Amino acid sequence: MHILITGGAGFIGSTYVQLVLERYPDDHVTVLDALTYAGSQHNLDHVLAEARLDFVHGNIADASLVDDLVGQVDAVVNFAAETHVDRSLLDPEAFMRSNVHGVYVLLGAARRHSRRLVQVSTDEVYGDVPTGEHSTERDPLSPRSPYSAAKAGGDLLCQSFVVSYGTDVVVTRGCNTIGPRQYPEKLVPLFVMNAIRDEPLPVYGDGMQVRDWLHAEDHAAAIDVALRRGRAGEVYNVGAGNERPNIDVVKAILAYLGKEESLIRYVSDRPGHDRRYALSWEKIRTEFGWTPAQSFEQTLRHTVDWYVDNPAWWSAIRDGSGDFARYYAQQYGWRLSAASAMPAQEG
Ligand code: TYD
């Protein structure tokens, strides 16, 4: 198969590129990536020498480029997206362009060329899930942030192309994913970096929000199942069964690194912060036998080890004067100075 992997220079996308090249010796991969702040060609360094990999620098919203590329491949897997909730609260515009309009452009090309499109989506489209329940693929979408609303918009466009035009689309909705090469704005890589440097860890609110944690390699394996075996027009949830309150994840990182819990700062909460996401992933398990191969402990340790072993990768982002420094100052500057003026809370 020749697969167009959009967003293939990002975190989960680059993990998937590696999976395809390793697992399928006859497959060919074309990566289309806009190389925004969160993507880097360095994320493909370990596979770049591979002759079965082509790289195209461009945007999924570029209709003529996308049409040309989709016509040359057998299938498309779309990882290209703006993904960070906090950024969507500061500046939602880019989220609409990539996560809604970009998906629309990909759908149009998939329709014209009769190609399968796998749309990589998120558990966040279901919104906040009250204690105990698990979202199934039939649940209504109830997004609450500009990020999740834009992803839900993309998912609904997929549904409309399936119903209206019979386009071959499969949607996956994954839970929180960690592993090597995740841009260090997300909870786990940010806190690992800060802990390594003995800098404060800004926990939003009371730290009791619950997320389910999945290894990027397990996530990539589920997406591969969706591409090769998923039924056209279906949605597949991809969860891990590793629901943890954030504070437990934070304390596990500190314990593993041998750092003090006094680095924790409880800071002003994210507006509209969803308390819990929880997925039922019975469908992909019973239809195809997919389950995550790695436990929570293995997943977290492998992730932390990677950041410990690759300081050059994250220092280039963190210590540059570019995007990360600006974002960090805007997101955390006032939160951390307000927190240091408050007495420590118990999590
Ligand atoms: P994040 O990694 O941004 O993923 P998502 O919002 O998509 O779940 O955040 C995971 C959880 O960690 C979420 O409940 C927000 C919380 N969080 C903090 O408490 N502090 C932080 O600095 C960040 C980035 C996240």
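Buried, in what follows, means under 20% relative accessible area. With that cut-off, helix α5 has a set of buried residues: Tyr147, Ser148, Ala150, Lys151, Ala152, Gly154, Asp155, Cys158 and Phe161. One caution before going on. This is a predicted model.

Let me stay with α5. The helix has 20 residues. From first C-alpha to last, α5 reaches 28 Å, close to the 28 Å expected at 1.5 Å a residue. What covers its buried residues? The cover includes helices α3 (85–90) and α4 (93–113), plus strands β5 (116–122) and β6 (169–174). After the helix comes glycine 166. Its phi is positive, near 70°.

Now take one residue of α5. Serine 148 is found in this helix, which runs over residues 146–165. Is serine 148 buried or exposed? Its relative accessibility is 1%, so serine 148 counts as buried. Its side chain makes a polar contact with the side chain of serine 145, at 3.0 Å. Leave aside neighbours within four places in sequence, and serine 148 is in contact with Glu124, Val125 and Pro143.

Glu124 takes us to the ligand. How many residues surround the ligand? There are 19, and the closest are Glu124, Arg211, Arg270, His273 and Tyr332. By class, the shell divides into nine nonpolar, five polar and five charged residues.

Here are three polar distances. A polar side-chain atom of glutamate 124 lies 2.4 Å from a ligand oxygen. For arginine 270, a polar side-chain atom is 2.5 Å from an oxygen atom of the ligand. For asparagine 176, an N or O atom in the side chain is 3.0 Å from a ligand oxygen. How much of the ligand does the protein bury? Taken alone, the ligand exposes 510 Å², and the protein buries 97% of that. Which elements give two or more residues to the shell? They are α6 (187–196) and β8 (201–204).

Next, the loop between α6 and β8. Aspartate 198 has its place there. This residue has a positive phi of about 55°, although it is not a glycine. Aspartate 198 has a relative accessible area of 49%, so it is partly exposed.

There is another such case in the loop between β2 and β3. Leucine 35 sits in that loop. Its phi is positive, about 50°, and it is not a glycine. At 26% relative accessibility, leucine 35 counts as partly exposed.

Tyrosine 37 also has its place in the loop between β2 and β3. With 25% relative accessibility, tyrosine 37 counts as partly exposed. What does its side chain pair with? One polar contact, of 3.1 Å, goes to the side chain of arginine 87. A polar contact of 2.9 Å joins the side chains of tyrosine 37 and glutamate 185. Beyond four places in sequence, the contacts of tyrosine 37 are Glu82, His84, Arg87, Tyr183, Glu185 and Asp323. The C-alpha atoms of tyrosine 37 and glycine 10 are separated by 9.6 Å, with their positions 27 residues apart along the chain.

Now a longer step in sequence. Phenylalanine 324 and tyrosine 37 are 287 residues apart along the chain, yet their C-alpha atoms are separated by 8.4 Å. Phenylalanine 324 lies in helix α12, residues 323–340. Its relative accessibility is 4%, so phenylalanine 324 counts as buried. What does phenylalanine 324 touch? Not counting residues up to four places away, the list is Tyr183, Pro184, Leu190, Met193, Ile317 and Arg318. Tyr183 is also among the contacts of tyrosine 37.

Last stop, helix α1. This helix covers residues 11–23 and has 13 residues. From first C-alpha to last, α1 reaches 19 Å, close to the 18 Å expected. Why call α1 largely enclosed by the rest of the structure? Because ten of its 13 residues are buried. Those are Phe11, Ile12, Gly13, Ser14, Thr15, Tyr16, Val17, Leu19, Val20 and Leu21. What do they pack against? The partners are β1 (2–6), β2 (28–33), β3 (53–57), β4 (75–78), β7 (176–178) and α7 (216–229).

To close, back to the ligand: the protein buries 97% of the 510 Å² that the ligand exposes when taken alone.

Conventions:
Residues are numbered from 1 along each chain as its sequence is written. This is a predicted model: local features need pLDDT of at least 70, side-chain atom pairs count only at pLDDT 80 or more; totals for chains, interfaces and linings use all residues. Side-chain values use heavy atoms; hydrogens and water are left out. A residue is near a molecule or strand if one of its heavy atoms lies within 4 Å of it. A polar contact is a pair of N or O atoms within 3.5 Å; within protein, one must be able to donate a hydrogen and the other to accept it, and residues adjacent in sequence count only if both atoms are side-chain atoms. Accessible areas come from the Shrake-Rupley method with a 1.4 Å probe; for residues, only the protein chains shown count as cover. Helices (H or I, at least four residues) and strands (E, at least two) are DSSP runs, numbered from the N terminus. Ala, Val, Leu, Ile, Met, Phe, Trp, Tyr, Cys and Pro count as nonpolar, Asp, Glu, Lys and Arg as charged, and the others, Gly among them, as polar. Buried means under 20% relative accessible area, exposed over 50%, partly exposed in between (1.4 Å probe, protein chains only). Contact means heavy atoms within 4.5 Å. The expected span of a helix is 1.5 Å times one less than its number of residues.
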